[in-house]
Structure formats: structure tokens, C-alpha cells
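Here's a quick walk through this structure, from the overall fold down to a few single residues. Keep the 3D view open as you read.

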Amino acid sequence: MLRLLVLEGNSLAGRRRWAEIAGVTPSESYADVLRALAPGAVVDIATPADADAALPQPLDAYQGVVITGSALNIYLREPESLRQIELVRTIYAEGVPMFGSCWGLQLATVAAGGEVSLNPAGREVGFARKIALTEAGRAHPMHAARTTMFDAPAIHSDIVTKLPPDAVVTARNAMSEVQAAEIRSGRGRFWGVQYHPEFSLQDIAWVIRRIGQPLVDEGFFADLAELERYAVDLATLHRDRARRDILWRLGLDQDVANDERRQAEISNWIASLDRR
């Protein structure tokens, strides 16, 4: 039986903010995606940002560990971040394969000796555009079924600025030189992406609404009314993928509208696991 562990990247306050809008926490949503991709899998959740957190099972009970996104900034070295860094170092040492989105990539990078900083180019909002696979990425099983250039859901202000010693970049774009990477440390192997293959179009609508006014202040939307129209378009497209008018208006294609294509890296990681 496949048993997976989802590590929630957010603090309690961050989880509550997300649940107020989405009805579930990021880890609960990610767990649902994993169960859909791996029917019959047992998926547990842990909240390692919390001071009193404990894993549901010992690490060696799991075939893989998944790390969600987070509203934390790892370079601030807050206790909620430091606890997660130490746990990921332990997972590397134990040799349990990991996959991570956004914060997950940043956390795995820092735990292995790399660095993460605020992106001087600004925030990447809604979708990471024109992600290009590197030569290593075109041959990497994490990106099987991906085209050499694609878009993906994304929302982040921080990027990997220094890779750890044993890492290879598998995708990049104009906003970040590290949009995807494989990292090895100790006995462990991590595959991760700066974007969010687990996010649905509805998830992006929710996160844009949650951030709200700062996106207007940063120039992404003229006002909150325009932001709301964008969110409504995404939510409508989530319910009806045949809305070519919305796909055209938002400049999207089937890489993000089709669940199978959007979740490719997660599916490929699951397929790579030893299910004994």
C-alpha cells in the first residue's frame, strides 16, 4: 500500500486564512489531489510549523513526502520556518523521496545548503509564463509529458538564488532561473517546482482574492473590481473548461485547463516511488 505524508508549509494563522476562503487548508487540498492521482493511497497530513507538531507515523512508514506552498518567507528564519528546515534535513538523512511546490522547493533548497531571497523582479502572479525545460529537464522523468515550454499556476515573491551542492535545474523562465529542480542530499532525493501543479483554476481565484489590495498596489490590476472579474473568469473556467472565450482572454491553454497536463510533475513523482 502506498502511504504518503503531506507537510503543511503554513503556520496556524496561515492555514486559517486559507481555510476562510477555500474551506480547506493547502495540505488538505493537496492530499485530495494525491488521492485522486493515486487511488487507494493512504495520505497523512502533518503541520511541522507548529511547536507541538508530531508526525502521524515514523518517517520510514512513508514511501514519499510532499511539501505544500506557504505564506512564510524562509529567509526571515522564524521558528515556524526553522522547525521545517530541521524536519526536511531529517527526511533527506532518512532517504524518503520528497516532492514540493513553491515553498516546498525553497525549503528543500535551504535544508540542503542553498539560499532563497525576495525576487528583485517582483511577484509572479496567477501563472508562471513560458516555463522552459532545460536540457536536463527535457530528459528528466519529473517532466515526462510536458512540452518544452509551458505555463503553470504560480503565486510567489521569493525565489531560489543559490542552489545547494548536488542540484540540477530542470526548468526556468524570465521570472526565475529555478522554476524546477532535482536536489540530492544525504540519502535523499527531492523533486520540486516553483509553480503549483496541484492548484486548480479555482485555487488561483481564491489566492488572488485572498491577497487582494496588494496586487492592485503592485500594478497587476487597475482596481479591486478588475481583480474580482479576473477571479470570476478563473472560477467560471474551472467549472466549464469549454469556455474558449475565457482561455483566449486570459491567454491560457490546455497546460493549465487540463488537470492531467497541469498535474504532470506530481503524477510523474508518484510513478517514481517504490510502492513496496
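Of the 276 residues in the protein chain, 55% are buried. Bear in mind that this is a predicted model. Twelve helices and eleven strands make up the secondary structure of the chain. With a radius of gyration of 18 Å, close to the 19 Å that the globule rule gives for 276 residues, the chain is as compact as a globular protein of that length. Along the principal axes, the C-alpha atoms fill a box of roughly 50 × 40 × 35 Å. Look at contacts between residues at least 6 apart in sequence, and you'll find that 71% of them join residues at least 24 apart.

**A helix on the inside**

Is helix α4 buried or exposed? Nine of the nine residues of α4 (residues 103-111) are buried, so the helix is largely enclosed by the rest of the structure. The buried residues run from Trp103 to Ala111, including Leu105, Gln106 and Thr109. Just after α4 comes glycine 113, which takes a positive phi of about 110 degrees.

**Empty space**

Rolling a probe the size of a water molecule over the atoms shows where empty space is left. Here's how the largest pocket and the largest cavity turn out.

| Space | Volume | Lining by class |
|---|---|---|
| Largest pocket | about 460 Å³ | ten nonpolar, nine polar and four charged residues |
| Largest cavity | about 50 Å³ | four nonpolar, two polar and two charged residues |

Start with the pocket, whose volume is about 460 Å³. It has 23 lining residues, and the closest to its centre are Ser70, Ala71, Ile155, His156 and Arg210. Helix α4 turns up again here: α1 (12-22), α4, β7 (149-156) and α6 (201-211) each supply at least two residues of the pocket lining.

As for cavities, the structure holds one of 30 Å³ or more. Which residues line the largest cavity? They are Trp18, Pro26, Ser29, Tyr30, Thr68, Glu198, Phe199 and Asp203. Helix α2 (residues 26-37) gives the largest share of that lining, with three residues.

**Arginine 172**

Now zoom in on strand β9 (residues 167-173), where arginine 172 sits. Its relative accessibility is 32%, so arginine 172 counts as partly exposed. Leaving out residues up to four places away in sequence, arginine 172 touches Lys130, Ile131, Ala132, Thr134, Glu177 and Gln179. What does the side chain of arginine 172 make a polar contact with? The partner is the side chain of glutamate 177, at 2.9 Å. If you want to place arginine 172 relative to the end of α4, the C-alpha atoms of arginine 172 and alanine 111 are 21 Å apart in space, with the two positions 61 residues apart in sequence numbering.

**Glutamine 63**

One last residue to click on is glutamine 63, in the loop between β2 (42-46) and β3 (64-67). Its relative accessible area is 14%, and the cut-off for buried is under 20%, so glutamine 63 is buried. Where does the side chain of glutamine 63 reach? It comes to 2.7 Å from the backbone nitrogen of arginine 3.

Methods: Residues are numbered from 1 along each chain as its sequence is written. This is a predicted model: local features need pLDDT of at least 70, side-chain atom pairs count only at pLDDT 80 or more; totals for chains, interfaces and linings use all residues. Side-chain values use heavy atoms; hydrogens and water are left out. On a 1 Å grid over the protein atoms alone, a cavity is a set of points where a 1.4 Å probe fits but cannot get out, and a pocket is an open set with protein on both sides within 12 Å along at least five of seven lines; lining residues have an atom within 4 Å of a point. Grid points are joined across faces, edges and corners, and a volume is the space filled by probe spheres set on the points. Helices (H or I, at least four residues) and strands (E, at least two) are DSSP runs, numbered from the N terminus. Ala, Val, Leu, Ile, Met, Phe, Trp, Tyr, Cys and Pro count as nonpolar, Asp, Glu, Lys and Arg as charged, and the others, Gly among them, as polar. Buried means under 20% relative accessible area, exposed over 50%, partly exposed in between (1.4 Å probe, protein chains only). Contact means heavy atoms within 4.5 Å. A polar contact is a pair of N or O atoms within 3.5 Å; within protein, one must be able to donate a hydrogen and the other to accept it, and residues adjacent in sequence count only if both atoms are side-chain atoms. The radius of gyration is taken over C-alpha atoms; the globule rule is 2.2 Å times the number of residues to the power 0.38.
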